[in-house]
Amino acid sequence: MKVRLEYVWLDGYKPEPNLRSKVKIVNAETIGASIESFPMWNFDGSSTNQAETGNSDRLLKPVRTYMSDKFPLDTIYVLCEVLNPDGTPHESNKRSQIGEGFEDLWFGFEQEYFIYDRKNKCILGHNENNLEPQGKYYCGIGEYVAGRDFVEEHMNMCLNYGIDITGINAEVALGQWEYQVFSQGKLKGGDDLWITRYFLHKISEKYGYRIELHPKPLTHGEWNGSGLHTNFSTDTMRDNGGHEYFTSLFNALESRHEDHIKAYGSENHLRLTGNFETQSIDKFSWGVSDRGASIRVPQDTAKDWKGYVEDRRPGSNADPYKIIKEIVKSLIMTEQIYEMKGMMTSFVDMDGLSGKYGTMSNDELLKEYREEELVSDLEPQAQSDLISELRKSMQNGK
């Protein structure tokens, strides 16, 4: 029996990559359950901004497969990494740059997008003369939505291929929708989201639509932009937590705010204005149940300080692999800050030094703790965060 394999990969275009695909027909008996049984393949990298014409072959390495419950009758989608001819990751291969650790990461991505009507050359539904301002479209029905058949077909396809779509809803602007996809595993979170995007684009072909992932496609009028709100948690956050740990997380996220913003999608400044349920792009804030903050803490998480948080900064066009990479870096800093805070409390006579700290310089303060070998491995920004926390502790008499 013949089986259709549809190889999917990301090209080398910037600032965000495009999805590409090609089909390979193989005998069913040549592939098995393991990813290693799926053959490597190649493509013309000179046509995807990933090679020069004189040396254009690039390799496709299968990393995850998506099969429907009708296998082997339906297409098998094969997500691939792009490799150079010598087998090393291509520079455009952001998946390979995520690194080790935090395999316990869970992600819940909230993908917002607009549907563009190619026939009428506008956002779906926006060719109506009596278009109302946003207000009635969020989770609307009837005349206040456009494109539901398309949206539900996409949802059903994702579910059919084993992707954990946890919900869909019409968003605050007409022609704007959102779906939520949950994944357990650091790499799987990015893989699943990219395949759901691939399904969006593929289904849109037969409807005459185009999927618009720009974070602010409607710059006229009072319309929301589109985000890729990223909910995440680790075993530590879910099982142990504690207010002090989450405070350390917020310190780390704030200190690395610019790094996160750089990875969170192009043209995001048009969306992150401080209006329309966003925080300004040049500010960082967190708040319980606050959708105007950079980081929203759900009420259930804040109740016992266990659970997940929502990073509301990523734009709808952001590469999830870049998001994951930055979150991992911030989680590493979080553990450093949290550990140092605990060691300070355990080993330092806070009462005996409290008066002294009020007049010590930052360098002198760090020197005191370096003698205990407690901060020597911290990055400069983490050291600065730790100093701030210690001085606050002194002022509060802790």
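The expected span of a helix is 1.5 Å times one less than its number of residues. I use that rule below on a predicted model.

**Helix α2, length.** I checked the span of α2 first. The helix has 22 residues, so at 1.5 Å a residue it should cover 32 Å. I found its end C-alpha atoms 33 Å apart, which agrees. I then looked at what comes after the helix. Gly-208 follows α2, and its phi is positive, near 75 degrees.

**The sheet.** I traced the strand order next. Five strands form an open sheet, ordered β2-β1-β5-β4-β3, and the pairing is mixed. Which strands stand at the edges? They are β2 (19-27) and β3 (41-44). Each has a single partner strand, so one side of each lacks a neighbour in the sheet. From one strand to the next, the twist averages 40 degrees.

I looked closer at one pair. Strands β4 (residues 57-66) and β5 (residues 76-83) run antiparallel and are joined by seven bridges. Tyr-66 stands opposite Tyr-77 in β5.

**Helix on sheet.** I asked which strands α2 touches. It packs on the sheet against β1 (2-10), β2, β4 and β5. The direction of α2 makes about 100 degrees with that of β4.

**Asp-191.** I picked this residue because it is an acid in helix α2 and I wanted its accessibility. Is Asp-191 buried or exposed? Its relative accessibility is 0%, and buried means under 20%, so Asp-191 counts as buried. I searched for a polar partner. The Asp-191 side chain makes a polar contact with the side chain of Arg-64, at 2.7 Å. Beyond its neighbours within four places in sequence, Asp-191 is in contact with Arg-64, Tyr-66, Leu-79, Arg-95 and Tyr-321.

**Nonpolar cores.** I listed the largest core last. It holds 69 residues. Which of them touch the most other members? They are Tyr-113, Phe-150, Phe-199, Phe-232, Leu-249, Val-309 and Leu-331. Helix α2 (residues 186-207) gives this core its largest share, seven residues.

I followed Phe-199 outward. Setting aside neighbours within four places in sequence, Phe-199 is in contact with Tyr-77, His-154, Met-157, Cys-158, Tyr-161 and Ile-163. I also noted a second, separate core of 14 residues. Its members include Val-3, Phe-43, Ile-76 and Cys-80.

Methods: Residues are numbered from 1 along each chain as its sequence is written. This is a predicted model: local features need pLDDT of at least 70, side-chain atom pairs count only at pLDDT 80 or more; totals for chains, interfaces and linings use all residues. Side-chain values use heavy atoms; hydrogens and water are left out. A nonpolar core is a set of buried Ala, Val, Leu, Ile, Met, Phe, Trp, Tyr and Cys residues joined through side-chain atoms within 4.5 Å. Buried means under 20% relative accessible area, exposed over 50%, partly exposed in between (1.4 Å probe, protein chains only). Helices (H or I, at least four residues) and strands (E, at least two) are DSSP runs, numbered from the N terminus. Contact means heavy atoms within 4.5 Å. Two strands pair if DSSP finds at least two bridges between them. Axes are lines fitted to C-alpha atoms, for helices over the stretch in contact, and angles run from 0 to 180 degrees between N-to-C directions. A polar contact is a pair of N or O atoms within 3.5 Å; within protein, one must be able to donate a hydrogen and the other to accept it, and residues adjacent in sequence count only if both atoms are side-chain atoms.
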